[in-house]
Structure formats: structure tokens, C-alpha cells
Amino acid sequence: MKDMHRNIKTVQTLDPAVTTAARAGAPVDRQGFEAVEHVVCFGASGDTLSGALKTDVKLEHSEDGSLWSPVTDAKSVSGGPVSVAGIFATVDAAAKAQKEYRIGYLGNARYSRISLVLTGTHANGTPVSALAILSRAAVKPTV
């Protein structure tokens, strides 16, 4: 059996929290790694989700970790399409909550992050957290 533990690095990018407003995850520095996968976990929403009350999950990238732009090129991601705004998942119904959403970043920028964009008034909120998994390290073991 292969050992994956020493070949990946994990970074918590969004602390688990009930989300009622837009949030941007911590930047993920890919230096020393060739691959990064972002995983966003949603809990049960305290609000009735709909097209007018939703959360969009956006993938962004940056050369310097401070100026961010949405990832819009399908060649820069794995695991799903992205919109012209960088959105790769929309949670707008109870059936779409209590799930995880993943996307791999394949672009050339050194930094990437997840951003949550909320539409409508989220009075009670939804628990959301995010984690980045870095792999294909230049130097091993990673831990």
C-alpha cells in the first residue's frame, strides 16, 4: 500500500463558521508543489435556499497573493467548469447543501483561493469551511 500522508500538505483556508456574508479564503501558496485541490464543505442551511438566496463558490488566483482575479479558463481547472465570474458551484437549494464541492487549480499563478459570494439576506446562515490539498511536492516528505 502506498503512503499518501507524507506526500500531501493540507491548509485550512476557510475556518468552519456559519456564513451570513461574503467570505474569502486564505491564500494558498503553491510554491514547492505542482498541484492544489480546493475542497469546500457546506452544512445544513438555516435559511430556505433559492435562486434569490444562494451562495456561489468562486475560484480566484493571484501572482502576488494580494491582487485577485477569477479563474475563468476551463484549462486552468480540473473537476468542473467555471463561469466567466470564476464560479464553480452554486448552493441554491436544500439538496445542494450538506455536500462538498471540489476543484483543482491548474493555472500558472502561484496563489489561489476560494471566495464565497452570497446573494440575498442570509439571516441564519450556512456552515461552510474550506481546505486546500497540495500534492506533487518538489521535496518529500511534506510533513
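This report describes the overall build, the main sheet and two unusual backbone positions of a predicted model.

## Overall build

The chain contains eleven strands and zero helices. Read from start to end, its pattern is therefore a run of β elements, β-β-β-β-β-β-β-β-β-β-β.

The C-alpha trace spans about 45 × 35 × 25 Å along its principal axes. For 143 residues, a compact globule would have a radius of gyration near 15 Å, and the chain agrees with this because its own value is 15 Å.

## Contacts and surface

Contacts between residues at least 6 apart in sequence show how the chain folds back on itself: 82% of them join residues at least 24 apart. Of the 143 residues, 40% count as buried.

The accessible surface comes to about 7,700 Å². Carbon and sulfur atoms account for 53% of this area. Among the side chains, 15 are positive and 13 are negative. The centres of these two sets lie 5 Å apart.

## The five-stranded sheet

Strands of a sheet pair through backbone hydrogen bonds, and the pairing can be parallel or antiparallel. In this model, five strands form an open sheet with antiparallel pairing. Their order across the sheet is β1-β11-β4-β9-β7. The order in the sheet can be read against the numbering of the strands, which runs from the N terminus: β1 stands beside β11, and β4 stands between β11 and β9.

The edges of the sheet are β1, residues 8-19, and β7, residues 77-78. Each of these edge strands pairs on one side only. For β7, the partner is β9, which covers residues 100-105. Two bridges join β7 and β9, and the two strands run antiparallel. One residue of β7, V77, has Y105 of β9 as its bridge partner.

## Two residues with positive phi

Two residues that are not glycine have a positive phi: Q98, at about 55°, and R136, at about 60°. Where do they lie along the chain? Q98 is in the loop between β8, residues 87-91, and β9. R136 is in strand β11, which covers residues 126-137; β11 is placed between β1 and β4 in the sheet.

Are these residues buried or exposed? A residue counts as exposed when its relative accessible area is over 50%. Q98 has a relative accessibility of 61%, so it counts as exposed. R136 has a relative accessible area of 54%, and so R136 is exposed too.

Note on methods:
Residues are numbered from 1 along each chain as its sequence is written. This is a predicted model: local features need pLDDT of at least 70, side-chain atom pairs count only at pLDDT 80 or more; totals for chains, interfaces and linings use all residues. Side-chain values use heavy atoms; hydrogens and water are left out. Two strands pair if DSSP finds at least two bridges between them. Helices (H or I, at least four residues) and strands (E, at least two) are DSSP runs, numbered from the N terminus. The radius of gyration is taken over C-alpha atoms; the globule rule is 2.2 Å times the number of residues to the power 0.38. Buried means under 20% relative accessible area, exposed over 50%, partly exposed in between (1.4 Å probe, protein chains only). Contact means heavy atoms within 4.5 Å. Accessible areas come from the Shrake-Rupley method with a 1.4 Å probe; for residues, only the protein chains shown count as cover. Lys and Arg count as positive and Asp and Glu as negative; His and the chain ends are not counted. The place of a charge is taken as NZ of Lys, CZ of Arg, CG of Asp or CD of Glu.
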